Amino acid sequence: MILIGPPGSGKGTQAQRLEQLLGAVHLSTGNVLREEIAAGSRLGNAAKTFMNSGQLVPDQLAVEVVAAFMKRGGSDTDYILDGFPRTTNQAEELDRILDERGLAVGKVVEIHTDDEVLMERLTGRFGCTKCGEGYHKSFKRPKIDGVCDKCGGAEFDVRSDDKEETIRDRLGVYHSQTAPILPYYAKKGLLVRVEGDKSMAEVTKEIETILTDGR
Ligand code: AMP
């Protein structure tokens with residue numbers, strides 16, 4: 001399954017919830033790239049400038065991440081792809097990678113959300129530096145201010161690409177480069193749209209129904 005949506009539409013959260021519910025493996029190219037940057041690897045160094053300025057990393061790097069990740073999985077592994085593909089070229093490359101492994105795209109779920117809602121969500125995000133647990137200044141504050149619910153850590157940070165100006169750039173990139181891949185999947189009869197301004201649980205339920213009923 002592929003989850004497509006603008007930054008802040010809840011792709012990552014939904015992918016995590018569905019991973020547990022469906023027993024599938026969650027692959028977030030953004031998470032892998034952030035780990036590579038933290039590790040100071042060749043891939044991380046190549047991706048860093050693009051990511052910090054809200055631009056897409058070159059297709060070749062994103063494809064490399066996905067191909068390497070899938071090489072480690074079995075031929076019967078189900079994947080939830082979050083943040084990939086993001087360009088038409090990546091969508092074509094994905095078909096090639098899956099084909100080689102005897103796999104195919106099952107469903108493509110677009111989480112549709114208006115830009116104003118996204119701006120509010122993204123400008124308030126922060127995370128625990130120790131365990132990575134995510135919070136939001138309006139929607140999900142730690143139970144005790146300044147203390148992580150999950151690990152008790154007391155330090156938090158904001159993703160370097162969650163600053164207001166960078167967020168505008170990321171939304172622009174979504175509309176100009178990623179949204180155009182929706183017709184690619186619509187033509188194949190694989191695309192389904194859900195509205196992302198509902199509660200997290202409602203969106204999960206809708207996606208589950210789509211996957212089980214094959215809507
Ligand atoms: P995300 O965590 O999905 O919001 O991704 C964060 C950033 O990682 C994006 O703004 C891009 O710079 C980079 N990135 C993640 N996935 C891709 C991809 N499939 N293609 C190009 N860049 C990507």
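# Chatting through a predicted model

Visitor: Let's start with E64. What relative accessibility does E64 have, and what does E64 count as?
Guide: E64 has 29% relative accessibility, so it counts as partly exposed. Keep in mind that this is a predicted model.

Visitor: Which side chain meets E64 in a salt bridge?
Guide: That is R42. The N to O distance is 2.5 Å. R42 sits in helix α3, residues 42-52, and E64 in helix α4, so the pair ties together parts that are 22 residues apart in sequence.

Visitor: And R42, buried or exposed?
Guide: Exposed, because R42 has 57% relative accessibility. The cut-off for exposed is over 50%.

Visitor: How many salt bridges does the structure hold?
Guide: There are 15 salt bridges. Another of them joins the side chains of R125 and D162, at 2.9 Å from N to O. R125 is in strand β5 and D162 is in the loop between β7 and α7, so this pair ties together parts 37 residues apart in sequence.

Visitor: How accessible are those two, R125 and D162?
Guide: R125 has a relative accessible area of 26%, so it is partly exposed. D162 is buried, at 4%.

Visitor: What does E133 form a salt bridge with?
Guide: With K150. Their closest N and O atoms are 3.7 Å apart. E133 is in the loop between β5 and β6, while K150 is in the loop between β6 and β7, 17 residues apart. E133 is partly exposed at 22% relative accessibility. K150 is exposed at 59%.

Visitor: Which residues are linked in a network of salt bridges?
Guide: E93, R96 and E100.

Visitor: What about K11? Why does K11 have no salt bridge?
Guide: Look at the distance. D82 is the nearest side chain of opposite charge, and it is 4.8 Å away. A salt bridge needs the nitrogen and the oxygen within 4 Å, so K11 has none. K11 is buried all the same.

Visitor: Where is K11, then?
Guide: In helix α1, residues 11-22. Leaving out residues up to four places away in sequence, K11 touches L3, I4, G5, P6, D82, G83 and I111.

Visitor: New topic. How many residues does helix α5 have, and how far does it reach?
Guide: Helix α5 covers residues 88-100, which makes 13 residues. From its first C-alpha to its last it reaches 19 Å, close to the expected 18 Å.

Visitor: Which residues of α5 are buried?
Guide: Q90, A91, L94, I97 and L98. They cover an arc of only 120° around the axis, which puts them on the same side of α5. On the other side, D99 and E100 are exposed.

Visitor: What covers the buried residues of α5?
Guide: The cover includes β1, α4, β3 and α8.

Visitor: Pick I97. What does I97 touch?
Guide: V63, V66, A67 and M70, not counting residues up to four places away in sequence. I97 counts as buried because its relative accessibility is 6%.

Visitor: What follows α5?
Guide: G102 does, and its phi is positive, near 70°.

Visitor: Now strands. Which side chains of β8 point to one face and which to the other?
Guide: V192 and V194 point to one face and are buried. L191, R193 and E195 point to the other face and are not buried.

Visitor: How many bridges join β4 to β8?
Guide: Five, and the two strands run parallel. In that pairing V108 stands opposite L191 in β8.

Visitor: Which strands form the open sheet, and in what order?
Guide: The order is β6-β5-β7, with antiparallel pairing. β6 and β7 are the edge strands, and each pairs on one side only. β5 and β7 pair over two bridges. There, C128 stands opposite F156 in β7.

Visitor: Last stop, R170. Where is R170, and is R170 buried or exposed?
Guide: R170 is in helix α7. It is buried, with a relative accessible area of 11%.

Visitor: What is R170 in contact with?
Guide: Setting aside neighbours within four places in sequence, R170 is in contact with P7, G54, R125, R159, D161 and D162. You met two of those earlier: R125 and D162 form a salt bridge.

Notes
Residues are numbered from 1 along each chain as its sequence is written. This is a predicted model: local features need pLDDT of at least 70, side-chain atom pairs count only at pLDDT 80 or more; totals for chains, interfaces and linings use all residues. Side-chain values use heavy atoms; hydrogens and water are left out. Helices (H or I, at least four residues) and strands (E, at least two) are DSSP runs, numbered from the N terminus. Buried means under 20% relative accessible area, exposed over 50%, partly exposed in between (1.4 Å probe, protein chains only). Lys and Arg count as positive and Asp and Glu as negative; His and the chain ends are not counted. Contact means heavy atoms within 4.5 Å. The expected span of a helix is 1.5 Å times one less than its number of residues. The arc is that of the directions from the helix axis to the C-beta atoms. Two strands pair if DSSP finds at least two bridges between them.
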